[in-house]
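Here is a short report for a reader who is meeting this structure for the first time. Please look at the sequence and the model first.

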Amino acid sequence: MADEKNRRIQVDLSGQTAIVTGASRGIGKAIAMRLAASGAKVACVARSADKLTETADAIAAAGGTAEVHPCDVTDSAAVTKLVEDLAEKWGGIDIVVNNAGITKDTLIPRMEDEMWDAVIATNLRSVFLFTRAASLVMMRKRSGRIINISSVSGLMGNPGQSNYSASKAGVIGLTRTVAQELAGRKVTVNAVCPGFIASEMTDALGPAILDEVKKRIPAKRLGEAEEVADAVLYLASNSAAYITGEVITIDGGLTP
Ligand code: NDP
């Protein structure tokens with residue numbers, strides 16, 4: 001019987017370049033490591049330089065190539081400059097994974113302006129900023145992959161997450177529109193909607209809530225960051241060239 005590693009999809013991304021936002025931990029780190037292990041040169045983006053360096057060191061230790069680019073993904077000028085600089089240095093950008101995200105949960109009567117604005121800026125505006133900058137580069141090359149990490153909250157809603165679910169539903173709308181705009185230039189744009197994935201974001205829910213959550217998930221477990229990374233790797237591959245504007249849910253059967 002094939003071992004666990006051999007059952008995972010294998011894709012050759014040699015010679016390709018990728019930007020992964022939110023690569024300092026959790027799902028973004030797993031995605032950066034998976035793309036790099038498949039041969040891509042990966043620019044790891046987040047605010048914490050120290051944590052990004054840990055990701056880049058882990059990639060290098062596994063034989064891959066990564067660069068550290070501290071950047072606040074809500075900063076329009078910084079994002080535009082980063083994408084332009086990388087495109088010039090690398091001669092193009094093949095893959096962008098918009099993964100950076102935050103939560104600031106509370107019920108709607110208590111939702112403060114700052115909580116709303118911060119979540120929309122980090123989870124939605126950032127996707128717009130990277131997509132706008134990368135689209136120019138990718139259209140010129142007539143190839144590219146943009147993969148946006150949304151959430152099942154953006155599909156189903158989730159009490160306490162009006163800001164978060166609005167941002168993630170926005171990502172899906174953005175994905176479907178830009179997919180139509182760029183399809184003629186052979187640039188695909190897709191979204192991935194994770195359910196509950198083991199990470200610092202879900203750790204914050206605490207063990208009691210997580211036990212309740214697991215009971216609601218038909219698969220009876222949280223997902224692994226690597227399982228999200230596998231879907232991203234597939235969408236980044238040549239095999240997914242005819243898939244665009246699609247939303248892939250990875251949630252152990254949570255959404256009907
Ligand atoms: P984590 O909280 O573990 O990681 C979030 C990442 O985003 C970090 O690398 C963080 O780095 C980065 N980030 C946050 N704000 C900014 C910013 N302003 N500029 C740059 N980087 C930023 O989250 P997860 O790994 O759990 O989640 C990753 C993505 O998956 C998110 O979009 C999340 O909404 C989505 N998701 C997660 C689910 C889960 O169950 N975990 C379920 C569904 C979707 P730093 O703080 O250093 O800037």
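The text below goes through the cores, one helix, the ligand site and a few single residues.

**The cores**

This is a predicted model. Its largest nonpolar core has 33 residues. Which of them touch the most other members? They are Ile31, Leu35 and Val42. Several elements give two or more residues to this core: the strands β1 (17-21), β2 (41-46), β4 (95-98) and β5 (144-149), and the helices α2 (26-37), α3 (49-61) and α10 (225-236). The most comes from α10, which gives eight residues. In soluble globular proteins, nonpolar side chains tend to be buried together.

Take Ile31 as a sample. Beyond its neighbours within four places in sequence, Ile31 is in contact with Val20, Val97, Asn99, Ile149, Ala229 and Val232. Another core lies apart from the largest one. This other core has 29 residues, including Ile19, Leu86, Ala100 and Ile146.

**Helix α10**

How many of the twelve residues of α10 are buried? Nine are, so the helix is mostly covered. The buried ones are Ala225, Val228, Ala229, Asp230, Ala231, Val232, Leu233, Leu235 and Ala236. Their cover includes the helix α2 and the strands β4, β5, β6 and β7 (247-250).

The length of α10 can be checked too. At 1.5 Å a residue, its twelve residues should span 16 Å. The end C-alpha atoms are 17 Å apart, which agrees.

**The ligand site**

The ligand is surrounded by 29 residues. Which are the closest? They are Ser24, Arg47, Asn99, Tyr164 and Ser199. Three side chains with polar atoms close to ligand oxygen atoms are listed here.

| Side chain | Distance from its polar atom to a ligand oxygen |
|---|---|
| Tyr164 | 2.5 Å |
| Lys168 | 2.8 Å |
| Ser199 | 2.6 Å |

How much of the ligand does the protein cover? On its own, the ligand has 880 Å² of accessible area, and the protein covers 96% of that.

**Thr21 and Pro70**

Thr21 lies in strand β1. Is Thr21 buried or exposed? Its relative accessible area is 2%, and buried means under 20%, so Thr21 is buried. A polar atom of the Thr21 side chain lies 2.8 Å from the backbone nitrogen of Asn99. Asn99 is also among the residues closest to the ligand. Leaving aside neighbours within four places in sequence, Thr21 is in contact with Gly28, Val45, Val73, Val97, Asn98, Asn99, Ala100 and Phe130.

Pro70 is in strand β3 (residues 65-70). Its relative accessibility is 48%, so Pro70 counts as partly exposed. Pro70 and Thr21 are 49 residues apart in sequence. In space, their C-alpha atoms are 9.7 Å apart. With neighbours within four places in sequence left aside, Pro70 is in contact with Ala46, Arg47, Ala49 and Leu52. One of these, Arg47, is among the residues closest to the ligand.

**Helix α5**

Two residues of helix α5 (residues 113-141) can be set side by side. Ser135 is in this helix, and Arg140 lies there as well. Ser135 is buried, with a relative accessible area of 11%. Arg140 is at 67% relative accessibility and counts as exposed.

Which backbone oxygen lies 2.7 Å from a polar atom of the Ser135 side chain? It is that of Arg132. Arg140 and Gly92 are 48 residues apart in sequence. Their C-alpha atoms are 9.0 Å apart in space.

**Two lysines with positive phi**

Lys186 is not a glycine, yet its phi is positive, about 65°. Where is Lys186? It is in the loop between α7 (162-182) and β6 (187-194). At 61% relative accessibility, Lys186 counts as exposed, because the cut-off is over 50%.

Lys220 also has a positive phi, near 60°, in a residue other than glycine. Lys220 sits in the loop between α9 (207-216) and α10. Its relative accessibility is 51%, so Lys220 counts as exposed.

Notes. Residues numbered from 1 in each chain as written. Predicted model: local features only at pLDDT ≥ 70, side-chain atom pairs only at ≥ 80, totals over all residues. Heavy atoms only, no water. Core = buried A, V, L, I, M, F, W, Y, C linked by side-chain atoms within 4.5 Å. Buried < 20%, exposed > 50% of the residue type's maximum accessible area, 1.4 Å probe, protein only. Helix = DSSP H or I, 4+ residues; strand = E, 2+ residues; numbered from the N terminus. Contact = heavy atoms within 4.5 Å. Near = heavy atom within 4 Å. Polar contact = N/O pair within 3.5 Å; in protein donor to acceptor, adjacent residues only side chain to side chain. Areas by Shrake-Rupley, 256 points an atom, 1.4 Å probe, with all protein chains shown as cover. Expected span 1.5 Å × (residues − 1).
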